[in-house]
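Got the viewer open? Let's take a walk through this one together, picking one selection after another.

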Amino acid sequence: MSFFIPSQEVKHNEKKHCAGTMPGVTKEQIQAAREADLFTYLQFHEPGVLKRDGPNFRHKEHDSLVYVTGKRYWYWNSRGRSINALDYLIQIREYGLVDAVHALVGGEIRHTPAYRNTAEIQVSKEPEKKAFSLPWARRCATAAVSYLQKRGISSEVIRQCLQTGIFYEAQYHGEPVCVFVGKDDSGKAKFACMRSISGNLKKDVYGSDKGYNFCYPPQSPGSRHVAVFEAPIDALSHATLQELEGWKWNGYRLSLGGTSHVALTSFLERHPEIRRVALYMDHDLAGFVNARKIKTMLHEDKRFRHIRVSVNPPRIGKDYNEKLLQVREQLQTSQHQRRLKEAAVSI
């Protein structure tokens, strides 16, 4: 889920990183990242994410985020403040500070003049889209499998993911990462996101189509149900809970990769047979607000008005992975107590 990071907290984190707790980022690099042109970054690395709004440009996933061409700056209306490229990667795309700085000043972005007028933007050529390609898979996925097991995911759910090619292990800057893959109806990979096994990295692979986010398939074909989660780990946690508790449920489990409804809208367009959508957002204010927003959006869209929508936050824990870990702990405690009673009786 995307969380708002107050500016003072960002500054605190920057000071901490610059103090040497995380090598590789200098104050000069951070300042350069702040000054990077966000409009150009989005053109090159997230092509198609902007849409015209009169003389301005609006972000398709975060419609309160607007590029005001007349004043040449970005304004985040829902937050009531301006936003720069570094803010965007950290607060909206959930990059760590170091990864965000490297992405902006590591030679992957073209800096533009400070006073670039509207006419220049309108006549600029469409940048060449960076081709999407999956990170190279490691031959052995031991670390990634171990990571999911520590998060409580069952061996059967992990096996299904590996078998269908929607989960594997790779390396990013020398660091082992879990890769969660989104595919189209023909089985071609269109999206992938990386999750660090030992750190805080959360990043989409460049060129990913956000309309094809990670989706854990139903147990049998023909399902008309889809459960919606904020992250792949929550979708897999829900599948594991079904296995542990014996639910009789068959449906898709779709990750939004945050709070944007792009993946859900695209999924429903491709699957007109869907009749029920269950929103399993996080049990916090942002989760409740986003669930209500998505429910309203589906109700107001004539294409989806026939779909029944329910909101199902976890009853325990912040999200479904926390719920899974607590359920597993309760089961282990119950099993231990039962063994003690059985041992006492046998004596």
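## Stop one: a pair of valines

Start by selecting Val277 and Val309: Val277 stands opposite Val309, which is in strand S14. Now widen the selection to the two strands. Strand S13 covers residues 276-279 and strand S14 covers residues 308-311, and four bridges join them in a parallel run. To get from S13 to S14, follow the chain through helix H11; this β-α-β crossover is right-handed. Keep in mind on the way that you are looking at a predicted model.

While you are on H11, which spans residues 285-300, click on Arg292. Is Arg292 buried or exposed? Arg292 counts as exposed, because its relative accessibility is 53%. Add Val311 to the selection and draw a distance between the C-alpha atoms: Arg292 and Val311 are 19 residues apart along the chain, and those two atoms are separated by 8.1 Å.

## Stop two: the mixed sheet

Zoom out a little and show the whole sheet. What is the order of its strands? Five strands line up as S10-S12-S11-S13-S14 in an open sheet, and their pairing is mixed. At the edges you find strand S10 (215-216) and S14; each has a single partner strand, so one side of each is left without a neighbour in the sheet.

Next, select helix H9. This helix packs on the sheet and touches S10, S11 and S12, with its direction making about 155 degrees with that of S12.

Move on to strand S11, residues 225-229. S11 and S13 pair in the parallel sense, over four bridges. For one spot in that pairing, pick His225, which stands opposite Arg276 in S13.

Now look for Gly251, in the loop between helix H9 (232-245) and S12. Gly251 counts as buried because its relative accessibility is 1%. What is it in contact with, once neighbours within four places in sequence are left aside? Gly251 is in contact with Tyr216, Pro217, Pro218, Ser223 and His225. You can also draw a line back to the first stop: the C-alpha atoms of Gly251 and Val277 are separated by 9.7 Å, with the two residues 26 apart along the chain.

## Stop three: the antiparallel sheet

Jump to the other sheet on this tour. Here five strands form an open sheet in the order S1-S2-S3-S4-S5, and the pairing is antiparallel. Strand S1 (50-53) and strand S5 (81-83) are the edge strands, each pairing on one side only. Turn the view and follow the twist: on average, neighbouring strands of this sheet are turned by 35 degrees against each other, direction ignored.

Begin at the S1 edge. S1 and S2 run antiparallel and are joined by four bridges. Select Asp53 and you can pick out its bridge partner in S2, Asn56. The hairpin of S1 and S2 has two residues between the strands, and Gly54 in this hairpin takes a positive phi near 65 degrees.

Then cross over to S5. Strand S4 (residues 73-76) runs antiparallel to S5, with three bridges joining the two. Trp76 is a good residue to click on, as it stands opposite Arg81 in S5. Helix H3 (residues 38-45) packs on this sheet, touching S1, strand S2 (56-59), strand S3 (65-68) and S4, and its direction makes about 85 degrees with that of S4.

## Stop four: helix H4

Select residues 85-92 for helix H4, which lies across S2, S3, S4 and S5 and runs at about 95 degrees to S5. How many of its residues are buried? Eight of the eight are, so to speak, tucked away: H4 is mostly covered. Among the buried residues are Ala85, Tyr88 and Ile92.

Check both ends of H4 too. Asn84 caps the N-terminal end, where a side-chain oxygen lies 3.1 Å from the backbone nitrogen of Leu86. Just after H4, Glu94 takes a positive phi of about 60 degrees.

## Last stop: colour by confidence

Finally, colour the chain by pLDDT. The protein chain averages 83, and 84% of the residues score at least 70. Where is confidence lowest, and where is it highest? The lowest is in helix H1 (residues 7-21), with a mean of 42, and the highest is in strand S12 (residues 252-255), at 98. Over residues 1-22 the pLDDT stays under 50. Residues 107-127 also have a pLDDT below 50.

Methods. Residues are numbered from 1 along each chain as its sequence is written. This is a predicted model: local features need pLDDT of at least 70, side-chain atom pairs count only at pLDDT 80 or more; totals for chains, interfaces and linings use all residues. Side-chain values use heavy atoms; hydrogens and water are left out. Two strands pair if DSSP finds at least two bridges between them. Axes are lines fitted to C-alpha atoms, for helices over the stretch in contact, and angles run from 0 to 180 degrees between N-to-C directions. Contact means heavy atoms within 4.5 Å. Buried means under 20% relative accessible area, exposed over 50%, partly exposed in between (1.4 Å probe, protein chains only). A polar contact is a pair of N or O atoms within 3.5 Å; within protein, one must be able to donate a hydrogen and the other to accept it, and residues adjacent in sequence count only if both atoms are side-chain atoms. pLDDT is the predictor's confidence in each residue, from 0 to 100. A crossover is right-handed if, with the strands pointing away from the viewer, the path from the first strand over the helix to the second runs clockwise.
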